[in-house]
Amino acid sequence: MLCVALIGRLVNRSLLLGALLYPSLALGLITAASAFEGRITAALTRGGEIQTFTYTVGPGTLRIERSETDRPYPGNLIALESGNVTLLFPHNRSFIRLKSPGGNAMPGGLPMSLPAGGPPPGIGPTNLPGMPDLPKPQMQQMPAGVGAGIPGGAMPAPPMMPMPDEALELKATGEKANLLGYDCAQYEIKQRGEIMEIWATDALLPFWTYLQSQLPRFGPRMIEQQWGDLLKARKLFPLLATLRFENGPERLRFEAKTVTPGKIANADGTLFQPPASYHEVEPLPF
């Protein structure tokens with residue numbers, strides 16, 4: 001017992017000396033110890049439709065799932081440090097890896113809803129067994145005498161180029177509140193007569209929005225397609241967010257329902273990895 005006590009004292013003194021000599025190391029230990037782990041449930045209401053989500057947060061990892069059981073919704077696996085996202089497609093046991101930043105990951109924003117029959121042509125993995133062939137792109141016919149020297153006298157339609165987003169700013173209002181036991185600050189985003197009010201906390205994790213599929217983007221994004229990026233950049237998680245026209249009715253609401261801290265059971269290490277029975281598919285080239 002005496003030996004154990006002496007060893008404990010030596011270890012404590014070593015840690016104290018290390019903290020004094022290397023403050024950055026001590027800060028890193030404090031940050032690692034205070035990192036959130038647990039589950040968050042939330043609901044998104046828009047146009048009479050309610051979507052429910054579960055955020056499962058492990059050490060450096062995040063899993064986002066839709067809670068509805070009416071169809072096989074994709075799961076999102078996110079490596080928080082690198083920002084890489086893996087989309088899991090249970091309907092055909094496949095997955096796609098999207099690299100970020102500068103990769104194929106879809107910009108943050110609201111979840112994209114797809115029709116009940118599955119993803120439309122050209123969206124999601126298409127080179128899978130049993131998937132129907134997609135229609136070939138149509139060639140644009142040119143008037144007689146135009147396009148000479150081109151077989152068939154046809155030219156492909158010019159590709160659509162993404163347009164830059166309008167710069168938005170996440171502004172703190174100075175208002176404070178406590179939601180679900182967490183201290184929150186109020187923020188606002190304004191764009192073209194619309195205002196989004198957000199109550200967010202820095203005590204959880206940076207916000208990641210759920211991705212329904214890998215979708216191309218053409219044209220500037222609206223507030224609801226950009227607010228997630230603004231919060232993530234500030235390392236904030238929203239517990240309540242509403243979007244409305246100024247002096248008008250609310251048209252969108254994101255609300256956290258429960259926050260349950262606690263260690264996530266993941267003994268076999270499979271919770272934040274694609275299942276072994278799934279096969280990888282290359283992302284679409286855009």
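Reader: Hi! Before we look at partners such as Glu194 and Phe245, when do two strands count as paired?
Author: Hello! Two strands pair if DSSP finds at least two bridges between them. Keep in mind that this is a predicted model.

Reader: Thanks! So what stands opposite Glu194?
Author: That is Phe245, which lies in β12. Strand β12 covers residues 237-245 and pairs with β11 in the antiparallel sense, over 8 bridges.

Reader: And β11 itself, where is that in the chain, and how many of its residues are buried?
Author: β11 takes in residues 194-201, and 7 of its 8 residues are buried. The strand is mostly covered.

Reader: Nice. Which way does β10 run relative to β11, parallel or antiparallel?
Author: Antiparallel, with 7 bridges joining β10 to β11. β10 spans residues 182-191. For one facing pair, look at Tyr187, which stands opposite Ile198 in β11.

Reader: How many residues sit between the strands in that hairpin of β10 and β11?
Author: There are 2. In this hairpin, Arg192 takes a positive phi near 45°.

Reader: Let's zoom out. How many helices and strands does the chain have?
Author: It has 3 helices and 14 strands. The chain is 286 residues long, and 37% of them count as buried.

Reader: What about contacts between residues 24 or more positions apart?
Author: They account for 59% of the chain's contacts with a separation of 6 or more.

Reader: Last one: how much area does the chain expose, and what share comes from carbon and sulfur atoms?
Author: About 17100 Å² is exposed, and carbon and sulfur atoms supply 60% of it.

Notes: Residues are numbered from 1 along each chain as its sequence is written. This is a predicted model: local features need pLDDT of at least 70, side-chain atom pairs count only at pLDDT 80 or more; totals for chains, interfaces and linings use all residues. Side-chain values use heavy atoms; hydrogens and water are left out. Buried means under 20% relative accessible area, exposed over 50%, partly exposed in between (1.4 Å probe, protein chains only). Helices (H or I, at least four residues) and strands (E, at least two) are DSSP runs, numbered from the N terminus. Contact means heavy atoms within 4.5 Å. Accessible areas come from the Shrake-Rupley method with a 1.4 Å probe; for residues, only the protein chains shown count as cover.
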